[in-house]
Amino acid sequence: MASNNKSIAFAAASLLLASQAALAQEQVVKIGITGPLSGANAFAGKDNENGVRLALEELNAKKVSVGGKTIKFELKSEDDQGDPKAGVAVAQKLVDAGVHFVLGPYNSGVAIPASRIYNDAGAIMSTVGTNPKVTQSGYKGVFRIVASDTQLGGSMAGYAAKQLKLKTIGVIDDRTAFGQGIAAEFVKQAKASGITVAGHEFTTDKASDFAAILTKLKSKNIDAIFFGGYAPQGAPMARQMRQLGLNVKLLGGDTLCSPEMAKLGGDAVGDNVLCAQGGAILDKQADGPGFQTRYKARFKQAPDVYAAAFYDQTMFMVQSMKAANSLDPSVVAAAMRASSYKGVVGTYAYDANGNMKQSAVTIYTFKNGAPFALATN
């Protein structure tokens, strides 16, 4: 009996030692995600988070190894409310918690001040904030994972001039860093393309009544309106344009290229709405349909605008960790700038400022309540 007890004790001790050895060979790496998880743009924040979550779940299933240790990725998600002040507080919270790799923010107005917090902590920040100022501070850990306002606004202006043959356009922006940035780039490129900008009106990212500014623009006999702002304002704007008999195109950037636009706008959002989104057409990419299938199986809904970009950038960061055999964010950032990654929605390669060297821009309209791709350039 004593011998049997000794055998059991020895087996238990061996199991414990083996377990401790396995744990010693495993390292937890925290990956942060920040975006609006509450408020009008929560749909976008959750979609971005889902893209990162899917990537990390797939990576954990594969047992990624860096520096001789198996990495276990943990997601740390924070709600920045799409607000600059909250975004800075969230950034500080993440770096204080030892998070060195952050996906987000979604909003340019949040990304610009938050980038300083991440830079000072030596962390990597990968954002879809499109305002050119996001990458103008020279921070080595900042990456813009989509086209900038310069590319989005320019593409929309070029399409308006060449394909739509528009002559006179009114502009509205919501005074956010994103809205101002993309409106300014659109105006610059529209004028260069021979389009007359008949008026530039302003609103906010909390507004819901646009009757006064729409009536003012209607009096100028415009062919279209370009709106620098988000879907929760763009959708009621489309409804009110119809109510006022302002039957012209509503143009915008990537933030209008969302199923949420059609959901909120109903039958007022159709081929009258056009938007420019960074990235190629997901359906036409080799891995696009597979990603959509896996995303839908996991989250019971289709991916929105930037889930695939957040997924891709997460995979690129981890590829760079493995290539550099390091978890030091400065080493990983350098490896990312020195290489490229073919993702679900395109190839990611960055210039010295952290901008995409090349980023396709796709023009969408809406059909049957969903974004419908028209052209990619």
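**Exercise 1. Determine which residue of S14 stands opposite Cys275, and place that residue among the neighbouring strands.**

Solution. Step 1: Cys275 faces Tyr364 in S14. Strands are DSSP runs of E with at least two residues and helices are runs of H or I with at least four residues, both numbered from the N terminus. This is a predicted model, in which local features need pLDDT of at least 70, side-chain atom pairs count only at pLDDT 80 or more, and totals for chains, interfaces and linings use all residues. Residues are numbered from 1 along each chain as its sequence is written, and side-chain values use heavy atoms, with hydrogens and water left out.

Step 2: Two strands pair if DSSP finds at least two bridges between them. Strand S11 (residues 273-278) and S14 run antiparallel and are joined by four bridges.

Step 3: S14 also pairs with strand S15 (residues 370-376), again antiparallel, over six bridges. Here Tyr364 stands opposite Ala373 in S15.

Step 4: Two residues lie between the strands in the hairpin of S14 and S15, where Asn368 takes a positive phi near 50°.

Step 5: Buried means under 20% relative accessible area, exposed over 50%, and partly exposed in between (1.4 Å probe, protein chains only). Six of the seven residues of S14 (residues 361-367) are buried, so the strand is mostly covered.

**Exercise 2. State how many aromatic pairs the structure holds, and analyse two of them.**

Solution. Step 1: The structure holds nine aromatic pairs. Rings of Phe, Tyr and Trp (its six-membered ring) pair if their centres lie within 6.5 Å; planes under 30 degrees apart count as stacked, over 60 as edge-to-face and the rest as tilted.

Step 2: Phe186 and Phe226 are stacked, because their ring centres are 4.1 Å apart and their planes are at 10°. This pair links distant parts of the chain, with Phe186 in helix H6 and Phe226 in strand S9 (residues 224-228), 40 residues apart. Both Phe186 and Phe226 are buried.

Step 3: Phe316 and Tyr341 have ring centres 5.7 Å apart and planes at 15°, so this pair is stacked. Phe316 belongs to helix H11 and Tyr341 to strand S12 (residues 341-342), 25 residues apart, and the pair links distant parts of the chain.

Step 4: Phe316 counts as buried because its relative accessibility is 0%. Tyr341 is buried, with a relative accessible area of 16%.

Step 5: Phe316 and Tyr341 form one aromatic cluster with Phe143 and Tyr350.

**Exercise 3. Identify the ring over which the charged end of Arg337 sits, and the ring whose face lies under Lys367.**

Solution. Step 1: A charge sits over a ring if NZ of Lys or CZ of Arg is within 6 Å of the ring centre and within 35 degrees of the ring normal.

Step 2: The charged end of Arg337 is placed over the ring of Phe143, 4.9 Å from its centre.

Step 3: Lys367 lies over the face of Phe372, at 4.2 Å from the ring centre.

**Exercise 4. Locate Pro105, Arg175 and Asn325, and describe their backbone features.**

Solution. Step 1: Pro105 lies in the loop between strand S4 (101-103) and helix H4 (108-120). The peptide bond from Gly104 to Pro105 is cis, with omega near 0°.

Step 2: Arg175 is found in the loop between strand S7 (168-173) and helix H6 (177-192). Although Arg175 is not a glycine, its phi is positive, at about 70°. Arg175 counts as partly exposed because its relative accessibility is 41%.

Step 3: Asn325 occupies the loop between helix H11 (307-324) and helix H12 (329-337). Its phi is near 50°, a positive value in a residue other than glycine.
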